[in-house]
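Here's a quick briefing to read with the model open beside you. It goes topic by topic, so feel free to jump around.

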Amino acid sequence: MRATVMYGAGDVRVESVPDATLVEPTDALVVVTRAAICGSDLWPYKSMPEIEGGRRMGHEFIGVVEAAGDEVRTVAAGDVVVAPFVWSDGTCVFCREGLQTSCLHGGRYGFDGVDGGQGEAVRVPQADGTLVRLPVDRDDALMPSLLTLSDVMATGHHAALAADVGPGKTVAVVGDGAVGLCGVLAARRLGAEQVILLGRHPDRVAVAREFGATDVVSERGEEASARVRELTGGLGADCVLECVGLEQSVVTALGAVRPGGAVGRVGVPQQETIPAGLPTFMDNVTISGGPAPARAYIEELLPDVLDGKIEPGRVFDRSGPLDEVPDGYRAMNDREALKVLIEL
């Protein structure tokens, strides 16, 4: 089969790899019909050292179950399924608490002999605890939005929950990437009254407006934080969603939150420490977040996608076949594309 392999920074190839097959009785074999390039894939694209043999890429995919192991009970051959971006058993103490990203028996796609999502097929370990069956055909028009449930919509929702978004609250979203835009959508879905997007790309701002952003701040750094405070009566936002992960974006988020407010961090951190420790401590600011347990959120968000109440698939602004994935990485890295949909 063919799959995406990264050999080092800027070196992404689509090439032949061993066919995905069942290994454990708890596995499912999924033929991929839709996949995506994630913003987090750009971090190794920018900086990964050369690796002999390369690294299999991708963790967002929808597909059709081709075969299931003898112990799999919740999906069967022919089912259309969405896979959260990590696999989990669904039974350990953390899975039962809704924290599948910390599953004691889980893992990540593309590592330890598990296929990456940007390929023709994937062996999905712990299929019962991982895969969610979709009540649609494989080519349903909702596929782009359903695909976001594997990661970016679930991550935007996680950021909103971590920041304690609720009815009537003021929210600032730092970052106009796919996760930030989904954070806008999640905040409005949870009842936020004012949602301020910190971003400056006109096409992304347009999507944010469609998703419910009430204000847009194009400034950066301290000027951005000051503008958020100005838009919130001088106090700062009740809730801030940090959806980038760079030090400057974290500083901006912490400067935009009001005393007693909360910051939900879902941007993959690119530094070891959290800045502004003393001021946020003195202001009783809650800092929370981490990788989203997408499996915990899919069934909650799915009805709104199926009913058309939310359309997170709008974050995809480019699509193409598997062979165009290397150019998709380049386009996203060069800000020519927001998020790329892979059609197989």
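**Starting at Arg-335**

Arg-335 is exposed, with a relative accessible area of 51%, which puts it past the 50% cut-off for that label. Keep in mind that this is a predicted model. Arg-335 turns up under two of the topics below, as part of a charged patch and as a residue with a positive phi.

**Surface patches**

- Arg-335 joins Lys-46, Arg-200 and Arg-220 in a positive surface patch.
- To find Arg-335, look in the loop that runs between α12 (325-333) and β18 (340-343).
- There's a nonpolar patch on the surface too, about 390 Å² in area, and its members are Leu-278, Phe-281 and Met-282.
- Of that nonpolar trio, Leu-278 sits in helix α10, which covers residues 277-282.
- Leu-278 is exposed, at 59% relative accessible area, so it clears the cut-off of over 30% used for patch members.

**Positive phi values**

- As background, most residues other than glycine have a negative phi.
- Arg-335 goes the other way: its phi is positive, at about 60°, even though it isn't a glycine.
- Asp-164 is another non-glycine residue with a positive phi, near 60°.
- Asp-164 belongs to the loop between α5 and β11 (170-174).
- With 46% relative accessibility, Asp-164 counts as partly exposed.

**Salt bridges**

- The model has 19 salt bridges in total.
- One of them pairs Glu-60 with Lys-339, where the closest N and O atoms are 3.1 Å apart.
- Glu-60 is in the loop between β4 (55-56) and β5 (61-68), while Lys-339 is in the loop between α12 and β18, so this pair ties together parts of the chain that are 279 residues apart in sequence.
- Is that pair buried or exposed? Glu-60 is buried, with a relative accessible area of 1%, and Lys-339 is buried as well, at 2%.
- Arg-330 has two acidic partners to look at: Asp-334, at 3.2 Å from N to O, and Glu-336, at 3.0 Å.
- The residues around Arg-330 are partly exposed: Arg-330 itself comes in at 26% relative accessibility, Asp-334 has a relative accessible area of 43%, and Glu-336 has 46%.
- Zoom out a little and these contacts are part of a salt-bridge network that links Arg-318, Asp-327, Arg-330, Asp-334 and Glu-336.

**Two more spots to check**

- Ser-150 lies in the loop between α4 (143-148) and α5 (152-162).
- Ser-150 is buried, with a relative accessible area of 0%.
- What does the Ser-150 side chain reach? It gets to the backbone oxygen of Leu-147, at 2.7 Å.
- Arg-108 is part of strand β8, made up of residues 107-108.
- At 48% relative accessible area, Arg-108 is partly exposed, so it falls below the mark of over 50% needed to be called exposed.
- If you'd like a distance to check by eye, the C-alpha atoms of Arg-108 and Val-64 are separated by 20 Å, and the two residues are 44 apart along the chain.

How values were computed
Residues are numbered from 1 along each chain as its sequence is written. This is a predicted model: local features need pLDDT of at least 70, side-chain atom pairs count only at pLDDT 80 or more; totals for chains, interfaces and linings use all residues. Side-chain values use heavy atoms; hydrogens and water are left out. Patches are made of residues with over 30% relative accessible area and no salt bridge: like charges are joined within 9 Å, nonpolar side chains (Val, Leu, Ile, Met, Phe, Trp, Tyr) within 5 Å. Accessible areas come from the Shrake-Rupley method with a 1.4 Å probe; for residues, only the protein chains shown count as cover. A salt bridge is a side-chain nitrogen of Lys or Arg within 4 Å of a carboxyl oxygen of Asp or Glu. Lys and Arg count as positive and Asp and Glu as negative; His and the chain ends are not counted. The place of a charge is taken as NZ of Lys, CZ of Arg, CG of Asp or CD of Glu. Helices (H or I, at least four residues) and strands (E, at least two) are DSSP runs, numbered from the N terminus. Buried means under 20% relative accessible area, exposed over 50%, partly exposed in between (1.4 Å probe, protein chains only). A polar contact is a pair of N or O atoms within 3.5 Å; within protein, one must be able to donate a hydrogen and the other to accept it, and residues adjacent in sequence count only if both atoms are side-chain atoms.
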